[in-house]
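Work through the exercises below with the sequence and the model at hand. Each task is followed by a solution in steps.

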Amino acid sequence: TVKVRYLIIGNSAGGIGAAEAVREVDKAGSIIMISDEPYPSYSRPLISEHLAGGYPLERMLFRSPDFYEKNNIRSFLGRKVTLLDIDKHAIALETGERFSWDRLLLATGGSPIIPEVAGIRRQGVCTFTTLDDAMAIDESLIGRESRVVVIGGGLIGVSVTEALVKRGVVVTVVEMKERILNTILDEEASALEEEILRQAGVSVVTGHTVTEINDGSAQEDAVGSVTLDDGSQIPCSLVVIAIGVVPRVELASGAGIKINRGIVVNRHMATSNPHVYACGDVAEAHDFIYSK
């Protein structure tokens, strides 16, 4: 078992920011960062640039390549945590490695929401929150003419749509609400964004949902079209699910830490266990604007 002063599970913005904050007050305390992704910390919004124009990982890095070395941080990338034992202050990885910690930070982020739709497991159904997602979509586009349906007209849906348009792909966006980007834009701004997408050749379908993902005649179990709630069908060879993310609370809930929508934290970002903290998309914190 490896002993460590500060153990951080998660290697994106929340985890990196926390590691930097620790180093501001403690230059010597040991820090270990663990991530189930095999890459150094990268900017997630830039996965659309990777898909659109082949942006290499080197240009997507959230921090310089020597970040971990400069800050005396041991990183364990491409490793998945399978067990969190609060009482023993220990975790185990699927590789069998074990770590014990004095302070633990859960910065595990969110997972894509996958709707319960018939055909959702077909080959050619993707999400778009990680670099691996962008790579998978990129690979599926190579060497053939593609039609793509993007389910969800929020930030992730619009981001992947813009990247696909740059790749010359015919895209249809299906949004269940009456307008795209409805959670961040007012009606006028939303209409402007929709018009820009339409001018770029994107079909925008609002006020409808996808009820089934159908197979294609060319290849069994591959995507051939989607069916909407009004019975109409849209032909496609790829479906991108972009309807949001849900906090990755599995480790915390399995360890008995208080969960609501996310991991509940106080104003010091401590969970219901005083030695365990959480931050980023996985954390549910006090809202200073609404005071609740």
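How many salt bridges does the count come to? The count comes to 8 salt bridges. The model is a predicted one, and the exercises below take up some of these pairs before turning to helices, strands and loops.

**Exercise 1. Describe the salt bridge of D102: its partner, its place in the chain and its exposure.**

Step 1. The side chain of D102 meets that of R5 in a salt bridge, at 3.6 Å from N to O.

Step 2. Distant parts of the chain are linked by this pair, since D102 belongs to strand β6 and R5 to strand β1 (residues 2-9), 97 residues apart.

Step 3. D102 has a relative accessible area of 37%, so D102 is partly exposed. For R5 the relative accessible area is 33%, and R5 is therefore partly exposed.

A general remark: side chains of opposite charge can pair when their charged atoms come close.

**Exercise 2. Locate the salt bridges of R122 and R167, and say which parts they tie together.**

Step 1. R122 and D221 form a salt bridge through their side chains, with 3.5 Å from N to O. R122 sits in the loop between β7 (110-112) and β8 (125-127), and D221 in the loop between β12 (210-215) and β13 (223-228), so parts 99 residues apart in sequence are tied together. D221 counts as partly exposed because its relative accessibility is 39%.

Step 2. R167 and D138 form another salt bridge, at 2.7 Å from N to O. R167 is in the loop between α5 and β10 (170-175), while D138 is in helix α4 (residues 131-141), so this pair ties together parts 29 residues apart in sequence.

Step 3. R167, at 29% relative accessibility, counts as partly exposed. D138, at 22%, also falls in the partly exposed class, for which the lower limit is 20%.

**Exercise 3. Find the buried residues of α4 and what they pack against.**

Step 1. The buried residues in α4 are L131, D133, A134, I137, S140 and L141.

Step 2. They pack against α2 (47-53), β8, α5 and β15.

**Exercise 4. Work out how the buried and exposed residues of helix α6 are arranged.**

Step 1. Helix α6 covers residues 187-199, which makes 13 residues. From first C-alpha to last, α6 reaches 18 Å, close to the 18 Å expected at 1.5 Å a residue.

Step 2. S190, E193, E194 and L197 are the buried residues of α6. Viewed down the axis of α6, they fall within an arc of 100°, so they line one face of the helix.

Step 3. The background is this: an α-helix has 3.6 residues a turn, so residues three or four places apart point the same way.

Step 4. On the other side of α6, the exposed residues are E188, L192, I196 and Q199.

Step 5. The cover over the buried residues of α6 includes α5 (155-166) and β11 (203-206).

Step 6. After α6 comes G201, with a positive phi near 95°.

**Exercise 5. Place V171 in the structure and list its contacts.**

Step 1. V171 lies in strand β10. V171 is at 1% relative accessibility and therefore counts as buried.

Step 2. With residues up to four places away in sequence left out, V171 touches V148, V150, T161, L164, V165, G201, V202 and S203.

Step 3. V171 and L197 are 26 residues apart along the chain, and their C-alpha atoms are separated by 9.7 Å.

**Exercise 6. Is S100 buried or exposed, and what does S100 contact?**

Step 1. S100 is part of strand β6 (residues 98-106).

Step 2. S100 counts as buried because its relative accessibility is 17%, and buried means under 20%.

Step 3. Leaving aside neighbours within four places in sequence, S100 is in contact with T1, V2, K3, V4, H89 and A90.

**Exercise 7. Look at the backbone of H89 and L181.**

Step 1. Most residues other than glycine have a negative phi.

Step 2. H89 is not a glycine, yet has a positive phi of about 50°. H89 is in the loop between β4 (81-85) and β5 (90-93).

Step 3. L181 also has a positive phi of about 50° without being a glycine. L181 lies in the loop between β10 and α6, and is buried, with a relative accessible area of 7%.

Terms used. Residues are numbered from 1 along each chain as its sequence is written. This is a predicted model: local features need pLDDT of at least 70, side-chain atom pairs count only at pLDDT 80 or more; totals for chains, interfaces and linings use all residues. Side-chain values use heavy atoms; hydrogens and water are left out. Helices (H or I, at least four residues) and strands (E, at least two) are DSSP runs, numbered from the N terminus. The expected span of a helix is 1.5 Å times one less than its number of residues. Buried means under 20% relative accessible area, exposed over 50%, partly exposed in between (1.4 Å probe, protein chains only). The arc is that of the directions from the helix axis to the C-beta atoms. Contact means heavy atoms within 4.5 Å. A salt bridge is a side-chain nitrogen of Lys or Arg within 4 Å of a carboxyl oxygen of Asp or Glu.
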